[in-house]
Amino acid sequence: MDKKCYILKMNFKLQAIRGIKKWRIILIILLLLCFLYFAFTYRTWEARVFAGKVLWTVRSDELMYQVPTQKSLSETTFPNTQTLTFKNITFQIPWKTYKIRGSEGQGYVAINFQKDDEWKSGDPSVMVSTETPWYDSMKSHPQTAQMYQEAFPGITLNNYEFYKQTLFVTPGDIHLFTGNPKDYVPRANMLLLKKFFAPASPLYFYENQNGIRGFEFTSSGYIVSEFFTPDDQPYEIMIGHATPKEADAILGSLSAH
C-alpha cells in the first residue's frame with residue numbers, strides 16, 4: 001500500500017514538473033514573440049509614445065480643439081483710401097494721413113494714422129512683414145517633407161496648405177491604437193505648431209477677390225492675419241485699433257503683383 005502511494009506521488013510530481021516545463025516553454029515563446037514584435041515595430045511605438053506625450057501636454061488647451069471658420073470680408077468703401085506697397089504686396093489703408101516706419105530692407109512697413117502730425121497710442125496702425133515659408137523650408141530635408149505629405153493623402157502640401165492643415169488639426173485626429181502610424185509624428189508636431197501659428201481664438205480663414213488667402217485671429221488688441229499670395233508666398237499683417245470694417249477693407253485690398 002505504501003509502495004503504491006509512493007508511485008502515485010512520484011507520478012503526480014512528474015506530471016507537475018512536466019506541466020511547469022510546458023508552461024515555461026510557452027512563456028518563453030510568448031516573450032520571444034513579444035520581443036520580436038516590439039523589435040520590428042519599435043519605430044511605431046516610439047512615434048505612438050511621442051504622440052501620446054503631446055496629447056497629454058495639450059489636453060487642457062481649448063484652442064487645440066478649435067478650428068478656423070470661414071469669414072466673408074465686408075465690402076466697405078472709405079473716402080480717404082491710400083494705396084501702399086511692400087515688396088510685391090499692394091494694399092490700401094482707409095486713412096488720409098499716415099507715416100511710414102521701417103523699410104523693405106527691415107522686413108516691414110508700419111503705417112500709423114496721424115493727428116496733428118503726432119502719432120498717439122490708440123491710433124490705428126498697420127504692419128506688414130514677410131513670413132517663414134514653412135513647407136518650402138522642409139524641402140531641404142526631403143524625408144521630413146515626405147513624412148508630412150504622406151500624412152495628408154489627396155492634398156498637395158505647399159506653404160498655404162501646411163499652415164491650413166496645422167490650424168485644422170485637433171487632438172481628436174490622432175488615434176493612438178487605430179490610426180495610421182505614419183500620422184502620429186506629423187500630426188503631433190502640427191499640434192505643437194498650432195499654438196505658435198495662432199495663439200488666440202477665434203480663428204477665421206478668408207479669401208479676397210485678388211486671390212489672397214489668409215487666416216485671422218486677434219491678439220493683444222491687434223487683428224493678426226497670416227496670408228498667402230497666389231504663388232504661395234507667406235506674409236503677416238497686423239492691424240491695430242481699427243474698426244472691423246476698416247480691418248476687412250485692408251484685408252480685402254491685399255493683392256500681389
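**Notebook: a first look at the chain**

I began at H241, which counts as partly exposed because its relative accessibility is 42%, a value that lies between the limits of 20% for buried and 50% for exposed. I note at the outset that the model I am reading is a predicted one. H241 sits in the loop between β10 (234–240) and α7 (244–253), and I looked it up for its backbone, since H241 has a positive phi of about 55° although it is not a glycine.

**Entry: other backbone details**

I found a positive phi at S220 too, about 50°, and S220 is likewise not a glycine. This residue belongs to the loop between β8 and β9, and with a relative accessibility of 74% S220 counts as exposed. I then turned to the peptide bonds and noted that the one leading from S201 to P202 is cis, its omega being near 5°. P202 is part of the loop between α6 and β7 (204–207).

**Entry: the chain as a whole**

I stepped back to take stock of the protein chain, whose secondary structure comes to seven helices and eleven strands. The chain has 257 residues, of which 37% count as buried. Its accessible surface comes to about 15600 Å², and carbon and sulfur atoms hold 58% of that area. I also looked up how far apart in sequence the contacting residues are: among contacts with a separation of 6 or more, 54% join residues that are 24 or more positions apart.

**Entry: helix α6 and its two partners**

What angle do the axes of α5 and α6 make where they cross? I read roughly 100° for helix α5 (residues 159–168) and helix α6 (residues 181–197), with the axes coming within 8 Å. The range for roughly perpendicular runs from 65 to 115 degrees, and α5 and α6 are therefore described as roughly perpendicular to each other. On the α5 side the contact is made by F162, Y163, Q165, T166 and L167, and on the α6 side by M190, L193, K194 and F197. Sorted by class, the residues of this contact of α5 with α6 are six nonpolar, two polar and one charged.

I next checked α4 against α6, where the axes again come within 8 Å and cross at roughly 100°, so that α4 and α6 are also roughly perpendicular to each other. Here M147, Y148 and E150 of α4 meet K182, D183, V185, P186, N189 and M190 of α6. The contact of α4 with α6 divides into five nonpolar, one polar and three charged residues.

**Entry: salt bridges**

How many salt bridges does the structure hold? I noted six, and followed three of them in detail.

One of them joins K182 to E150, with the closest N and O atoms 3.9 Å apart. K182 belongs to helix α6 and E150 to helix α4 (residues 142–150), so this pair, 32 residues apart, links distant parts of the chain. E150 counts as partly exposed because its relative accessibility is 35%.

Another lies between the side chains of D183 and R187, at 3.7 Å from N to O. Both residues lie in helix α6, four residues apart, which is about one turn of the helix. I found D183 and R187 both buried.

The third pairs E216 with K71, and the closest N and O atoms are 2.9 Å apart. E216 is in strand β8 (residues 213–219) while K71 is in the loop between β1 (69–70) and β2 (82–86), so the bridge ties together parts that are 145 residues apart in sequence. E216 and K71 are both buried.

**Entry: two buried strand residues**

Is F228 buried or exposed? With a relative accessible area of 3%, F228 is buried, and its place is in strand β9 (residues 222–228). Setting aside neighbours within four places in sequence, I listed its contacts as N159, Y160, Y163, G211, I212, R213, F215, Q233 and P234. For F228 and F215, which are 13 residues apart along the chain, the C-alpha atoms are separated by 9.2 Å.

Last, I looked at S255, which lies in strand β11 (residues 255–256). S255 counts as buried because its relative accessibility is 18%, under the limit of 20%. Apart from neighbours within four places in sequence, S255 is in contact with N88, I89, T90, N210 and I212.

Methods. Residues are numbered from 1 along each chain as its sequence is written. This is a predicted model: local features need pLDDT of at least 70, side-chain atom pairs count only at pLDDT 80 or more; totals for chains, interfaces and linings use all residues. Side-chain values use heavy atoms; hydrogens and water are left out. Axes are lines fitted to C-alpha atoms, for helices over the stretch in contact, and angles run from 0 to 180 degrees between N-to-C directions. Angles under 35 degrees count as roughly parallel, over 145 as roughly antiparallel, 65 to 115 as roughly perpendicular and the rest as oblique. Contact means heavy atoms within 4.5 Å. Ala, Val, Leu, Ile, Met, Phe, Trp, Tyr, Cys and Pro count as nonpolar, Asp, Glu, Lys and Arg as charged, and the others, Gly among them, as polar. A salt bridge is a side-chain nitrogen of Lys or Arg within 4 Å of a carboxyl oxygen of Asp or Glu. Buried means under 20% relative accessible area, exposed over 50%, partly exposed in between (1.4 Å probe, protein chains only). Accessible areas come from the Shrake-Rupley method with a 1.4 Å probe; for residues, only the protein chains shown count as cover.
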